[in-house]
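Morning, everyone. I'll take a few minutes on one structure. Please have it open as I talk.

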Amino acid sequence: MEIASILLYIILFLSTLLSLLKKQKNGIHFKKFKLPPGSMGWPYVGETLQLYSEDPNIFFVTKQKRYGEIFKTHILGCPCVMLASPEAARFVLVTHAHLFKPTYPKSKERLIGPHALFFHRGGYHARLRRLVQNSLAPQTIKKLIPDIQGIAVSTLESWAASGQGVNTFYEMKKLSFDVGILSIFGHMERGFREMLEENYRKVDKGYNSFPTNIPGTAYQQAILARKRLNRILGEIISSRKEKRLLEKDMLGHFLSFKDENDKKLSDEQIADNIIGVLFAAQDTTASVITWVLKFLHDDPQLLEAVKAEQMAIYDTNNGGKMPLTWEQTRSMPLTHRVVMESLRMASIISFTFREAVVDVEYKGYLIPKGWKVMPLFRNIHHNPEFFPNPQEFDPSRFEQVAPKANTFMPFGNGVHACPGNELAKLEALILIHHLVTNFRWEVVSSKSGIQYGPFPVPQQGLPARFWKEPKQSQ
Ligand code: HEM
């Protein structure tokens, strides 16, 4: 009996020591640090109602003013630590990224597909990321320019021909979907494209709806559409395998991949990553291009200057008869600054989520294991210390000096930073080139302000009318 209790004591002592050592290894002694300042709101609901009843940016900015660069809150059933400084964002996303994991609600993960790279970390994430990054690298996407131009021109022509006002954001979504399809599949049979589009639209619609098992709801429709997408993508994958073509597009990269043990990706892994990329590419790019149109429309002098820059290229290209080249898209300094400033102003991805995988100490504060951590990109992009007069649209701020390190992160930072950033910018530049050299537009809504759906877009998606600009005979 005596020996048994001595043994029990030894085991208890060793396990306490082991857990203490484990915490020390992560640089933390739980009791030594306090939680960040802030309010956890009401029991269960926390501050979710405040967040959703006011402009989310006001919610974050008010908190930052009150508590500083790091504060705690409780939203959507989770305790969170919000970080509003460049150093803190870098800590979570870059230097200490291994202490945090990506985190998404299960209902959303089900719609995209659990194998999509942004739900993962470690080896699987790194392998998938390399494939996606290679398919979206400059040397690959420069070959897509003629096709992206084709999509941009036919889109603009169709708006002008309709003579009707269009919902700019909604139309831009179609454009960025088509460019997404192009970068993943190259040229695709029309039948497949239409089936993908129809079902993807249902998934997109259900994504932000209330997740429920009740049949007929937007969420359930989306789940059914997602299952159909799996079948359609399965057919596309089989037909590609049968043809044994070694295409250089993203699907080609996925299909030819083998890991160090000669293991290929399963059809399900490929399908989830295709939907993941389409999802990551569509609303983000559409939203930023819609903002570019809004900012140019609101500043006629700036529009004229952008037009002059683009007309010089248009003239070099024999009145637009020759296609844009990659080099030309790399030498549109003013237009490029307009895109950068639109990315800053709109801060499409206002923040991101991670979850602490261990207790973490940051600047003397404790971020407990399991808490969500949110780097607030928008707060950083709108901080007057880094961007003077942050509410003013001023592309010249990007003219001479690059933003201070880690203060400009429209595409995130670190291991999960956006691999599609060059494609998104290329798409915007090509669209702007054709828009300002051949078309004019007017906004046909008096409503100003921002609408969250959930990405920030101009009110009502910026209803606008487009028409072809008559060219003066030479
Ligand atoms: C203006 C348009 C875009 C913006 C503002 C944007 C922004 C971002 C941001 C902030 C992240 C990081 C999220 C995080 O750290 O949690 C991200 C990740 C990602 N983006 Fe984009 N993105 C855009 C366009 C695109 C495009 C065109 C594609 C693909 C064709 C794409 C594919 C992805 C993917 C696959 C990830 C996940 C990367 C990973 O987890 O390793 N994005 N994007």
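Let's start at one residue, Cys-418. Cys-418 sits in the loop between α17, residues 377-381, and α18. Keep in mind that this is a predicted model. The UniProt record, an unreviewed entry, puts the feature "binding site" at Cys-418.

Is Cys-418 buried or exposed? Neither, quite. Cys-418 has 19 C-beta neighbours inside 10 Å, and a buried residue needs 20 or more, so Cys-418 counts as partly exposed. What does Cys-418 touch, leaving aside its neighbours within four places in sequence? Phe-411 and Gly-412.

Now the ligand. How many residues surround the ligand? The number is 27. The closest are Ala-280, Thr-284, Gly-412, Cys-418 and Gly-420. So we meet Cys-418 again, and Gly-412 with it.

Which helices supply at least two residues each to that shell? They are α6 (122-135), α9 (168-185), α13 (267-298) and α18 (421-438). The largest share comes from α13, with seven residues. As for character, the shell around the ligand has 17 nonpolar residues, nine polar ones and one charged.

On to the sheets. A general reminder: strands of a sheet pair through backbone hydrogen bonds, either parallel or antiparallel.

Take the five-stranded sheet. This open sheet has the order β1-β2-β8-β5-β3, and the pairing is mixed. Its edge strands are β1 (70-75) and β3 (100-102), each pairing on one side only. From one strand to the next, the twist averages 35 degrees. Look at β1 and β2, where β2 covers residues 78-83. These two run antiparallel, joined by six bridges. Thr-73 stands opposite Cys-80 in β2. Helix α4, residues 86-95, packs on this sheet. α4 touches β1, β2, β3, β5 (354-356) and β8 (372-375). The direction of α4 makes about 125 degrees with that of β8.

Next, the sheet of three strands. This one is open too, in the order β4-β12-β9, with antiparallel pairing. The edges are β4, residues 166-167, and β9, residues 439-443; each pairs on one side only. Five bridges link β9 and β12, the latter spanning residues 463-468. In that pairing, Trp-441 has Phe-466 in β12 as its bridge partner. Helix α8, residues 145-162, packs on this sheet and touches β4, β9 and β12. Its direction makes about 95 degrees with that of β12.

To finish, go back to the ligand in your viewer. Find Cys-418, one of the closest residues. Then trace α13, the helix with the largest share of the shell.

Definitions and conventions. Residues numbered from 1 in each chain as written. Predicted model: local features only at pLDDT ≥ 70, side-chain atom pairs only at ≥ 80, totals over all residues. Pairing = 2+ DSSP bridges. Helix = DSSP H or I, 4+ residues; strand = E, 2+ residues; numbered from the N terminus. Contact = placed C-beta atoms within 7 Å. Axes fitted to C-alpha atoms, helices over the stretch in contact; angles between N-to-C directions. Near = placed C-beta within 6 Å. Nonpolar A, V, L, I, M, F, W, Y, C, P; charged D, E, K, R; others polar. UniProt positions renumbered as here; feature names shortened; annotations may be inferred. Buried ≥ 20, exposed ≤ 12 C-beta atoms within 10 Å, placed from the backbone.
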